[in-house]
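Let's take a walk through this fold, sheets to start with and a few picked residues after that. Have the sequence and the model open as you read.

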Amino acid sequence: MEIAIHAHKPSTDKMDCIVVGVYEHGILSPAATLVDIASNGALQEFIEMGDFGGQCGETQILYQLPGLATQRVMVLGLGAHGKLKDSKFRKAVQSAGKALQQAQITQVSFYLLETPVARRSPAALSKILVQTVMDADYQFDHHKEPSENPRRSLTHLHLNVAGGAEEEAAIKQASAEALATARAVAWAKDLANEPGNICTPIWLAQQAEAMAQRTGIKSTILGPDAMAALDMRLLLGVAQGSRQEPRLIILEYWGGSDEQAPIVFVGKGLTFDAGGISLKPADKMDEMKYDMCGGAAALAAIQAAAELKLPLNIITVVPASENLPDGLATKPGDIHKSMKGLTVEVINTDAEGRLILADALTYVERFEPDVVIDMATLTGACVIALGHQTAAVLGNHEGLVHDLISAGKESMDRAWELPLFEEYQEQLKSSFADLSNVGGRPAGTITAACFLSRFTENYHWAHLDIAGVAWKSGENKGATGRPVALLVEYLLNRSRQTA
């Protein structure tokens with residue numbers, strides 16, 4: 001995808017299609033007014049016919065309007081004038097992106113950055129626009145028979161700038177950040193959408209190594225023998241029921257000074273989760289290939305950092321495993337010793353994500369991190385608590401949690417804090433080990449984070465439970481790429497602090 005910034009007039013723009021906004025009651029945006037003037041009132045005449053009401057997300061492509069260099073003008077509904085919020089702006093742009101994909105338009109100019117949106121600058125709108133359009137253009141059809149008429153994708157996206165040089169520079173920077181983020185989101189979705197017979201722990205490690213080589217990131221991959229030498233018995237205990245060997249993926253990006261402590265991402269990489277001996281129901285078990293979305297997000301975020309050459313030191317660690325029922329699989333009631341030395345009674349083998357994360361969270365202590373952020377499709381309870389709109393964030397450092405919530409608001413990849421009070425730890429008591437891997441039905445998201453907190457006492461840490469936001473079910477099921485945008489925005493904010 002090529003992103004360009006220009007200051008053309010709509011009448012002289014020669015792209016395949018230009019997009020202008022129209023509000024309810026026929027109110028034209030400034031760009032739409034220029035189109036109407038150039039076409040001798042043809043746009044206003046179309047509006048007055050009554051077929052287009054200007055509702056948010058409504059689209060209509062008009063062809064060969066007189067006085068214009070382009071062959072197509074997409075009229076995009078923006079809703080009520082003066083009441084546009086960023087969520088509605090994104091909804092409108094998403095509709096435009098889908099319409100562009102359906103029409104197989106490859107080159108488009110957007111004249112939307114002058115749109116008044118509460119608390120959003122033109123640069124911020126450009127970031128929303130680029131990421132939303134690229135997300136709408138995404139398709140995962142790798143395993144379908146090639147069509148005789150391959151789908152044409154968007155190749156050129158131009159943003160019209162109405163302001164001066166300073167605004168143009170800000171939009172150029174924001175769109176570059178958005179492009180790197182969108183690429184990372186697409187890669188995370190590609191990884192997660194692959195079926196479990198392809199996306200195994202070994203395959204995931206190979207993809208990470210290939211990305212690292214391409215971007216100049218250092219990569220290290222540990223297998224079962226190295227894990228055993230490190231006493232990572234929780235990770236090995238989850239993997240022992242599978243014929244697929246586990247892997248610990250370690251990527252290191254050193255873009256900051258030698259004195260700068262690294263930011264560490266830890267992503268759950270369960271490439272398929274059948275629940276182990278505590279077998280899941282068959283319904284929707286196919287979606288358990290998405291249990292590695294946290295790992296995919298962690299890998300994608302460090303890719304974006306490398307592409308943007310951020311002045312930060314960043315490390316990504318992904319414990320990758322399967323969780324299957326087998327004669328060697330961990331049984332309910334088994335006790336495993338963690339790398340930290342704490343023993344864990346495995347009451348439910350389907351609460352395996354926290355087990356592999358625990359050893360990974362212990363492993364990252366060796367990097368003497370500034371902060372550690374883990375992300376995982378960890379609990380169904382999170383879906384009940386926050387639905388499919390918002391991730392949960394919990395942690396042991398108020399400033400880090402606040403920074404992640406702020407990054408989520410800015411990127412529109414939102415997270416919300418849940419408490420991590422000491423009283424919840426009582427639910428993890430075990431009669432036979434240092435702690436149990438489950439705390440019962442009440443506050444399931446919180447007790448899962450409490451479990452992780454026992455392995456993160458030596459550094460600042462936050463946990464993102466993305467079970468409700470990482471993928472969509474139903475007819476159009478697929479990975480969403482969340483929380484890549486949140487993570488990249490957090491890194492961008494940190495990089496600005498070091499400037």
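Which residue in β4 stands opposite Cys17? That would be Arg72. Before going on, a word on what you are looking at: this is a predicted model, where local features need pLDDT of at least 70, side-chain atom pairs count only at pLDDT 80 or more, and totals for chains, interfaces and linings use all residues. Residues are numbered from 1 along each chain as its sequence is written, and side-chain values use heavy atoms, with hydrogens and water left out.

**The six-stranded sheet**

Helices and strands here are DSSP runs numbered from the N terminus (H or I over at least four residues for a helix, E over at least two for a strand), and two strands pair if DSSP finds at least two bridges between them. On that basis, six strands make an open sheet in the order β1-β6-β5-β2-β4-β3, and the pairing is mixed. At its edges sit β1 (2–6) and β3 (59–63), each pairing on one side only. On average, neighbouring strands of this sheet are turned by 25° against each other, direction ignored. Angles like this one come from lines fitted to C-alpha atoms, for helices over the stretch in contact, and run from 0 to 180 degrees between N-to-C directions.

Now zoom in on β4 (residues 72–77), which runs parallel to β2 (residues 17–22), with six bridges joining the two. Besides the Cys17 and Arg72 pair, Gly21 stands opposite Leu76. With β3, β4 runs antiparallel, and five bridges join them; Leu62 there faces Val73 as its opposite number in β4. Five of the six residues of β4 are buried, so the strand is largely enclosed by the rest of the structure. Buried means under 20% relative accessible area, exposed means over 50%, and partly exposed is in between (1.4 Å probe, protein chains only).

Two helices go with this sheet. Helix α3 (residues 86–103) packs on it, touching β2, β3, β4 and β5 (107–111), and its direction makes about 150° with that of β4. Helix α5 (residues 165–193) lies across β1 and β6 (156–160), running at about 170° to β1. Contact, by the way, means heavy atoms within 4.5 Å.

**The annotated residues**

Where does UniProt place the feature "active site"? The unreviewed entry puts it at Lys280 and Arg354. UniProt positions are given in the numbering used here, feature names are shortened, and annotations may be inferred rather than shown by experiment. Both Lys280 and Arg354 are included in the lining of the second largest pocket. A pocket, on a 1 Å grid over the protein atoms alone, is an open set of points with protein on both sides within 12 Å along at least five of seven lines, and lining residues have an atom within 4 Å of a point.

Lys280 is in the loop between β10 (269–273) and α9 (293–308). Not counting residues up to four places away in sequence, Lys280 touches Asp273, Ala274, Gly275, Met285, Met288 and Asp350. Arg354 is part of helix α10 (residues 353–363). Leaving aside neighbours within four places in sequence, the contacts of Arg354 include Thr379, Asn437, Ala448 and Phe451.

Here is how some residues of this report compare in accessibility:

| Residue | Relative accessibility | Class |
|---|---|---|
| Lys280 | 19% | buried |
| Arg354 | 7% | buried |
| Cys382 | 1% | buried |
| Cys450 | 0% | buried |
| Glu423 | 61% | exposed |

**Helix α13 and the cysteines**

Ala448 and Phe451, which Arg354 touches, are among the buried residues of α13. In fact 10 of the 10 residues of α13 (residues 444–453) are buried, so this helix is largely enclosed by the rest of the structure.

How many disulfides are there? Counting pairs of cysteine sulfur atoms within 2.5 Å, the total is zero. For Cys382, the nearest cysteine sulfur is that of Cys293, 14 Å away. For Cys450, the nearest is that of Cys382, 14 Å away.

**A small second sheet**

Three strands form another open sheet, ordered β12-β13-β17, with mixed pairing. The edge strands are β12 (335–337) and β17 (435–436). Strand β13 (residues 343–345) runs parallel to β17 with two bridges, and Val344 has Leu435 as its bridge partner.

The loop between β16 (415–417) and β17 holds Glu423. From Glu423 to Thr447 is 24 residues in sequence and 9.9 Å in space, C-alpha to C-alpha.

How values were computed. On a 1 Å grid over the protein atoms alone, a cavity is a set of points where a 1.4 Å probe fits but cannot get out, and a pocket is an open set with protein on both sides within 12 Å along at least five of seven lines; lining residues have an atom within 4 Å of a point.
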